[in-house]
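Please examine the sequence and the model below. The paragraphs that follow proceed from the whole chain to selected strands, a loop residue and a surface patch.

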Amino acid sequence: MQRFLVTRAFCVLILYMLSAGWICAQEKDSTLHQQLSNVDVVEKVRPAVTRQAAPLQIMDRANIDRLGLQDLSEAVRRFSGTTVKDYGGIGGLKTVSVRSLGAQHTAVSYDGITISDSQSGQVDISRFSLDNIESVSLSIGQVDDIFQTARIYASVGALNIQTESPLFMKRSSRLTGKVKTGSFGFVNPSLRYDQKISDTYAFSFHTDWMRADGQYPYILTNGSLITDEKRKNSDIKSFRSELNLFADWKKNGTFRLKGYWFDSDRGLPGSVVLYNDYQKERLENRNGFTQAMYENKLNDQFSFKGQAKFDYAWTRYRDYHSKYINGEQRDIYTQREYYGSAGLLYRPATNWSFSVAEDFFINTLDATTPKCPFPTRYTSLTALSGQYQTSRLTVTGSLLNTYITEELEIGEAADDRKRLSPAVSLSYRILPDQNLRIRASYKDIFRTPTFNDLYYDRLGNKELDSEKATQYNLGLTWSGTVPGLRLDYLSVTADGYYNRVKDKIVALPTMFIWKMMNMGRVNIKGVDVNLSSCWALPASLFIQLDGTYSWQDATDATDASSKIYGHQIPYTPVHSGNIAVSLENPWVNVSWLMTAVGERYSLAQNIEANRMDSYIEQQLSLNRTLDLGKISMRLSAEIINLGNITYDVIRYYPMPGRSFRAGIVVTY
């Protein structure tokens, strides 16, 4: 029955998108220029996703509030082509992968500067709060914005997190307090303060604290025996604080300085296998960084951008078990990164622009684990880009040069790495009076083995090659209005892609132990469809509908004689998608969200024992904003997992059933 419901949901989603696409193909161009007068700009210009030569998806603050999203992973799941691995709900780690290429290939940037983890190559996005976010975007391949750091070019895709900048209209300060609470002991207060110091300087401060016991019930199935259980060791306490200084020196450029600190202590709930209820692992994280960005438009032709960052990450893992000395295993890992970037943008003519970016950074790792060689990695990235752009045509190309060298305090380091990585993209408006565009992109990129891949005790392999990924994308985009239907706007994007991964880094058994090897090859074919629309109805009613659909055929191509050859790779559903419907009105705004994920496999061999059931999860959100003079108050409430279904994102890590959440935001 559940598989039937998922199939029916996908059919409804596809039929809706196809019919909307047929309607929109008949409409006029919505990008024609009009003369505007007496306009005050109060927000940053958001790039039009349908004009981009490579896939770009954006969710801004208004959409986050409208949908009742409270966690960054909830927002990322709304993007097509993404896989968020969630290890156990409230306190579990969360990583994001784009188009089945792995979390190590996905860059995560915070206010334009990339977050890194040279030890594992994966970034836990659960450590970032949505309360302080202005927008979240996901770009894949060669994007149109060529004035970026070289590090952004060095990834398959980039999840860009942009925090809020203070906006002063009638007052020189703003204070916002928020309290959220919900099921399983969830409590999350936060505070933000913005202050205008002068016409040149301003600062903002944000802090939040969160706790949850995470003891949610779930159903354990062991053959014919079904029992009700409760999740253990899923508690979490975390604290975040962030201080920003903004400077606008007019002709001398703009400057932003950020200090960030994150502190968490959580239980690792672990997998639930048969009757094993041993849950004693703990994880503590301390992460702080300071970053600065300076940008200056020197004249009509030249612009300069400089960035610098110091990042400190401390992790302590503890496992309480009698087999260890004194009944406890304790491992401590400390990472540091020193980062600098400089970029120059040159516009010799109206339609032409060129850029060069140079990034240099140093990564170190100290660990208390046996035989840690204390590696240090030096990385130089140089990106050269060019772009030609008219009202109908955009062509962008780039070439990234990578040079990496390493040294160890103990032992011999891996060989140096050098590589050139090209990328190109194109967008063309097919007809001059309609905003129907075709786009195509190509990118050849790789990921360097992590410190764990290379040097982890016995498992690491210093002879590893880099994991290569080649991306091809071909798509159609359209945006406009539908007269007569009171439709404010409609936008549709559809992209087909083919990715090829070779020298994939996998762990394989040798004679006595497992070892990291370059043995994997994966072919990935897929389609991503995105739709967004809004209807204006009588009585100040608005209906907004957003939908995404992804089809992925990601199969192993390593060895034709292998049992897993041609099988879908783990945790990659063939079908997935989501729908969000919102009704905005003068009384109470209502949003309904549905996420559908098809069946997938937990291991490489696609057999019944490894199959994971499909599922549909729904969420219902209510919110109302009240204006009380100088005070604005926003009330919200959500029901998560409306159908109270039982499902796993990662096998044996059960997700919470039906839960409730409520919040109040007061702004003065």
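How much area does the protein expose, and which atoms supply 58% of it? The exposed area is about 30,600 Å², and carbon and sulfur atoms supply that 58%. The model is a predicted one. Of the protein's 668 residues, 51% count as buried.

The secondary structure consists of five helices and 33 strands. As for the range of the contacts, those between residues at least 6 apart in sequence may be considered: 63% of them join residues at least 24 apart.

A run of successive strands illustrates the pairing. Strand β14, residues 254–267, pairs with strand β15, residues 281–297, in the antiparallel sense, and 14 bridges are found between them. Within this pair, W261 stands opposite G288 of β15. Strand β15 also pairs with strand β16, which spans residues 302–320; this pairing is likewise antiparallel and extends over 17 bridges. Here M293 has Q307 in β16 as its bridge partner. The connection from β15 to β16 is a hairpin of four residues. Strand β15 thus has antiparallel pairings with both β14 and β16.

Attention may now turn to a residue in a loop. T572 lies between β26 (541–556) and β27 (575–584), in the loop that links the two. Is T572 buried or exposed? T572 counts as buried because its relative accessible area is 4%, and the cut-off for burial is under 20%. Which residues does T572 contact, once its neighbours within four places in sequence are left aside? They are S100, Q552, A554 and R600. Two of these, Q552 and A554, have numbers that fall within the 541–556 range of β26.

The surface offers another view of the chain. A nonpolar patch of about 680 Å² is made by L175, V179, L191, L628, I631, L635, I664, V666 and Y668. Which strands each supply at least two residues of this patch? They are β8 (173–182), β32 (631–640) and β33 (659–667). The residues of the patch thus come from separate parts of the sequence, including L175 and I664.

One member of the patch, V666, is placed in strand β33. V666 is classed as partly exposed because its relative accessible area is 30%, which lies between the limits of 20% and 50%. T572, by contrast, is buried at 4%.

Key
Residues numbered from 1 in each chain as written. Predicted model: local features only at pLDDT ≥ 70, side-chain atom pairs only at ≥ 80, totals over all residues. Heavy atoms only, no water. Patch = residues over 30% accessible without salt bridge, like charges linked within 9 Å, V, L, I, M, F, W, Y side chains within 5 Å. Areas by Shrake-Rupley, 256 points an atom, 1.4 Å probe, with all protein chains shown as cover. Salt bridge = Lys/Arg side-chain N within 4 Å of Asp/Glu carboxyl O. Buried < 20%, exposed > 50% of the residue type's maximum accessible area, 1.4 Å probe, protein only. Contact = heavy atoms within 4.5 Å. Pairing = 2+ DSSP bridges.
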